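User: Could you take me through one part of this protein closely, step by step? I am in my first year, so please show me how the pieces sit against one another.

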Amino acid sequence: MIRTLRRHAWVTGLVVLLALLFVVTKLIQPGYGAADFVSLTRAVLPYAFAVAAQTVVVIAGGIDLSVASMMALTSVTAAVMMAGASEEYALFVVPFVLLMGFCLGALNGILIVVSRVPDIVVTLATLFMLQGAALLVLNAPGGGAAEWLKALVIGPVPIPFLPDSVDAYLPKALLLLVVCLAVVWIPLKRSRTGLSLYAIGSSELAAFRSGVPVARTKILAYALSGLFGAMGGLSLTMSTGIGAPIPGPYLLASVAAVVLGGVTLGGGRGGLLGPIVAVFVLRLVRTDLTLLAVDPNVTTIIEGVIMVIVVMLGAFLAMREKRS
C-alpha cells in the first residue's frame, strides 16, 4: 500500500489537495453538501473529457490545439440532429457523433504524419476549420437533446439498500465519466498500442528503431483525442440541452490540468487519473472564489494566472528534462 502511494506520489498529493480544498469549501460555506457536489461534477464533465483528449496526445509527444473546437462541432452536430427528433433517434446520433470525432481526430494525425508539419501548426489550423464548421452547423446556441441523454448526467445514482445520505454523493455525471474513460483507457494502456504511445512520446527515433509503428500510433493518438473530444461535446449538449457553437475555455484548461496532473509535456510519462483529479482541483478553486464573492472578472484573471503558471512550469520541466 505504502509502496503504491510512493509510486503514485504526485497523484496522491493531488487527491490530498482536493480533499483539503473540499474542507476549505465546507468552511467557507457550511451548507455545502451533496447537491453542490453533484453540480460540481456535472460542470467538470466536459472539462474532464477535454483533459482526457489532451492527455492521450501529450503522452504520445504531441499537443492538440483543436480540442475545444472539436467539442463545439460535435456538440452542435448532436444538438441539431436531435432537435425535434424522437427519443430513439438519439441511439443513432450518439455513435455517429463519436465516430465523427474519431475520424476528425485521425485526420489531424494523418495531416501531421504525411505533411511532417509540426502538430502545433496543424492543430491550430484545424482549430479554425472546426470552429468555422461549428458556426455553419449552428450559428447560435440552440438545438435539443433527448430526455434520456440529459437524465444520464443529472442528479445522483440511486443505489438500492443504501441510505439517501450516501448515494446522494454519487453523481451520475461522475459514473458516466468513469465508465467512458475506463472503457477506452484501461484496455488501451494495457495493450501493445498503449506501450507504443509511451514509447513514441519518450523518443520517436528509439521507438522506430525498436520496431514501433510510429506513424500509425501517432494517428491513433489523435483519433482517440478526437473521440474524447466528441464525448466532451456530447456531455455539453447533455448538460445544457442545447448545442454551443463557440468553443469554451477548454483548451488552456486541458493543458493546465494535464501538466498539474503529472503528465510530462515532452511526452512519455503520466496517466489519466492525475489530470482528471487536477481538473477537479482547478474547478473547485473557481467554486471557492465564487463562494468568497470575488468579482467574476477577477476570478477569471486568477484562473488564467494559475493556468499560465502551471503550463509554464510544465514547459520548463520538459525543457530541463530534454537537456539532461
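Analyst:
**A close look at helix α6 and its surroundings**

In this predicted model, the end C-alpha atoms of residues 120–138 lie 27 Å apart, and the span is 95% helix and 0% strand. This stretch is one of those covered by the annotation "transmembrane region" in the unreviewed UniProt entry. The record also lists residues 89–114, among others, under that annotation. For residues 89–114, the distance between the end C-alpha atoms is 37 Å, with 96% of the span in helix and 0% in strand.

Let's begin with the loop that leads into α6. Arg 116 sits in the loop between α5 (90–115) and α6. Its phi is near 60°, a positive value in a residue other than glycine. Why is that worth a second glance? Most residues other than glycine have a negative phi. Is Arg 116 buried or exposed? Arg 116 has a relative accessible area of 75%, so it counts as exposed.

Now step into the helix. Thr 123 belongs to helix α6, and here the picture turns around: with a relative accessible area of 0%, Thr 123 is buried. What does Thr 123 touch, once its neighbours within four places in sequence are set aside? The contacts are Ile 63, Asp 64, Leu 65, Ser 66, Asn 108, Ile 112 and Tyr 222.

Next, look at the helix that packs against α6. Helix α4 (residues 67–82) and helix α6 (residues 119–137) have axes that come within 8 Å and cross at roughly 20°. Because angles under 35 degrees count as roughly parallel, α4 is roughly parallel to α6. Their crossing is left-handed.

Which residues make this contact? From α4 come Ser 69, Met 70, Ala 72, Leu 73, Val 76, Thr 77 and Val 80. From α6 they are met by Leu 127, Leu 130, Gln 131, Ala 133, Ala 134 and Val 137. Sorted by class, the contact of α4 with α6 has 10 nonpolar, three polar and no charged residues.

Some of these residues turn up again when you find Pro 245, in the loop between α12 (214–240) and α13. Pro 245 counts as buried, at 2% relative accessibility. Leaving out neighbours within four places in sequence, Pro 245 is in contact with Ala 72, Val 76, Ala 134, Leu 135, Leu 138, Asn 139, Ala 140 and Pro 141. Try matching that list with the α4–α6 contact: Ala 72 and Val 76 take part from α4, and Ala 134 takes part from α6. Along the chain, Pro 245 and Thr 77 are 168 residues apart, yet their C-alpha atoms are separated by 9.3 Å.

Helix α4 has another residue to visit, Met 81. Not counting residues up to four places away in sequence, Met 81 touches Tyr 89, Phe 92, Val 93 and Phe 96. The C-alpha atoms of Met 81 and Phe 92 are separated by 9.7 Å, and the two residues are 11 apart along the chain.

For a comparison, move on to helix α13, which follows the loop that holds Pro 245. Helix α13 (residues 250–260) packs with helix α14 (residues 273–291) at an angle of about 120°, and their axes are 8 Å apart. That angle makes α13 oblique to α14. The crossing of α13 past α14 is right-handed. On the α13 side, the contact is made by Ala 253, Ala 256, Ala 257, Val 258 and Leu 260; on the α14 side, by Pro 275, Ala 278, Val 279 and Leu 282. By class, that gives nine nonpolar, no polar and no charged residues.

Helix α14 also packs with helix α3 (residues 34–59), at an angle of about 140° and with the axes 9 Å apart. These two helices are therefore oblique to each other, and their crossing is right-handed. Residues of α14 in this contact include Pro 275, Val 279 and Arg 283, while those of α3 include Leu 40, Tyr 47 and Thr 55. The contact of α3 with α14 divides into 10 nonpolar, three polar and one charged residue.

To finish, go to the loop between α14 and α15 (296–323), where you will find Ala 293. Like the loop residue we started with, Ala 293 has a positive phi of about 60° although it is not a glycine. At 65% relative accessibility, Ala 293 counts as exposed.

How values were computed
Residues numbered from 1 in each chain as written. Predicted model: local features only at pLDDT ≥ 70, side-chain atom pairs only at ≥ 80, totals over all residues. Heavy atoms only, no water. Axes fitted to C-alpha atoms, helices over the stretch in contact; angles between N-to-C directions. Helix = DSSP H or I, 4+ residues; strand = E, 2+ residues; numbered from the N terminus. Parallel < 35°, antiparallel > 145°, perpendicular 65-115°, else oblique. Left-handed = near helix turned anticlockwise from the far one by under 90°. Contact = heavy atoms within 4.5 Å. Nonpolar A, V, L, I, M, F, W, Y, C, P; charged D, E, K, R; others polar. UniProt positions renumbered as here; feature names shortened; annotations may be inferred. Buried < 20%, exposed > 50% of the residue type's maximum accessible area, 1.4 Å probe, protein only.
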